[in-house]
Amino acid sequence: MNKKIICGITGHTGSIGTHLTKNTKNFEFIYFKEDITKNSLVNSWIKNNKLEIIVHLAAIVPIKVVNDNPKKAYKVNVSGTKNLVNAILKYDNDIKWVFFSSTSHVYSTAKNKIKENSAIKPISYYGKTKHLAEKEIERLKQKNIKFCIGRIFSTTNSNQRKNYLVPDLKKKIKTLKEPVILENLNHFRDFISINDICKIIKKLSKKRFNGIINIASGKKTKLSEIAKTISIKFKRKILIKENKNPSTLIANNNLLKKICKFKIKTKIKDLIF
């Protein structure tokens with residue numbers, strides 16, 4: 001029997017964390033259940049657990065929630081990551097690799113597929129906090145600790161919480177008076193399933209991939225098509241008002257395909273329901 005990898009994980013109650021911990025047999029997970037913004041609690045967790053790798057998922061993610069409380073988002077996303085890195089650097093331990101879940105929002109929208117070395121120009125305050133957090137993760141170089149910054153593009157699932165695009169669309173289409181009028185949906189995004197994201201994290205951990213990598217399907221999905229799919233499912237009439245400034249945020253995932261070597265399955269209907 002192969003020895004299990006001792007994996008510290010933050011943000012284990014989120015969508016990715018929940019799926020990863022339930023579907024990974026070769027990891028023994030050590031959960032960080034405290035407040036990531038409390039330096040003493042982070043220090044205690046790192047000091048008192050012999051971790052081999054860390055998967056850092058803890059963050060405030062929904063754009064609306066971030067914009068409603070930017071100070072809290074900064075404290076969790078940036079200061080929380082700083083606390084984690086400081087603790088890792090402070091204590092002599094066996095940590096060999098750290099995975100950090102970043103976002104495509106660190107990039108600017110572009111007509112062409114976005115590469116890992118594309119210009120950084122965050123399209124949201126959430127993206128800005130994640131880019132600042134990436135800078136904290138990069139300090140792990142001081143102790144030659146390998147790290148992977150995974151820039152995750154769009155994702156959804158049938159149980160995704162409110163304040164994200166798809167669950168909010170579902171709620172509007174199901175409950176508002178017909179025809180349901182929807183706006184600002186002629187944008188193109190790159191969706192990948194949480195199942196594939198978790199497979200990728202496991203592949204990257206096995207290879208101890210060091211650096212930045214786009215985690216995405218590389219396929220284009222128009223947001224209005226998601227709304228239409230939902231409306232058909234619920235047999236509801238919708239009216240989509242197209243805005244004048246559509247945007248595109250699609251990944252070049254050649255590096256991902258080279259490293260992980262498995263087919264990414266992305267059927268948007270399967271992701272939504």
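Begin by selecting Phe27, Phe29 and Tyr31, which ring pairs link into a cluster; rings of Phe, Tyr and Trp (its six-membered ring) count as a pair if their centres lie within 6.5 Å. The model is predicted, so that local features need pLDDT of at least 70 and side-chain atom pairs count only at pLDDT 80 or more, while totals for chains, interfaces and linings use all residues. Residues are numbered from 1 along each chain as its sequence is written, and side-chain values use heavy atoms, with hydrogens and water left out.

A search of the whole structure finds six aromatic pairs. One of them joins Phe29 and Tyr31, whose rings are stacked at 6.4 Å centre to centre with 15° between the planes; planes under 30 degrees apart count as stacked, over 60 as edge-to-face and the rest as tilted. Within this pair, Phe29 is buried at a relative accessible area of 12%, whereas Tyr31 is partly exposed at 33% (buried means under 20% relative accessible area, exposed over 50%, partly exposed in between, with a 1.4 Å probe and protein chains only).

Next, select Trp97 and Phe99, a pair that is tilted because the planes stand at 35°, with the ring centres 6.2 Å apart. Trp97 is buried at 0% relative accessibility, and Phe99 is also buried, with a relative accessible area of 0%.

Finally, turn to charges over rings, where NZ of Lys or CZ of Arg must be within 6 Å of the ring centre and within 35 degrees of the ring normal. Select Lys220 with Phe188, and the lysine is found over the face of the ring at 5.0 Å from its centre; then select Lys233, which lies over the face of Phe273 at 5.3 Å from the ring centre.
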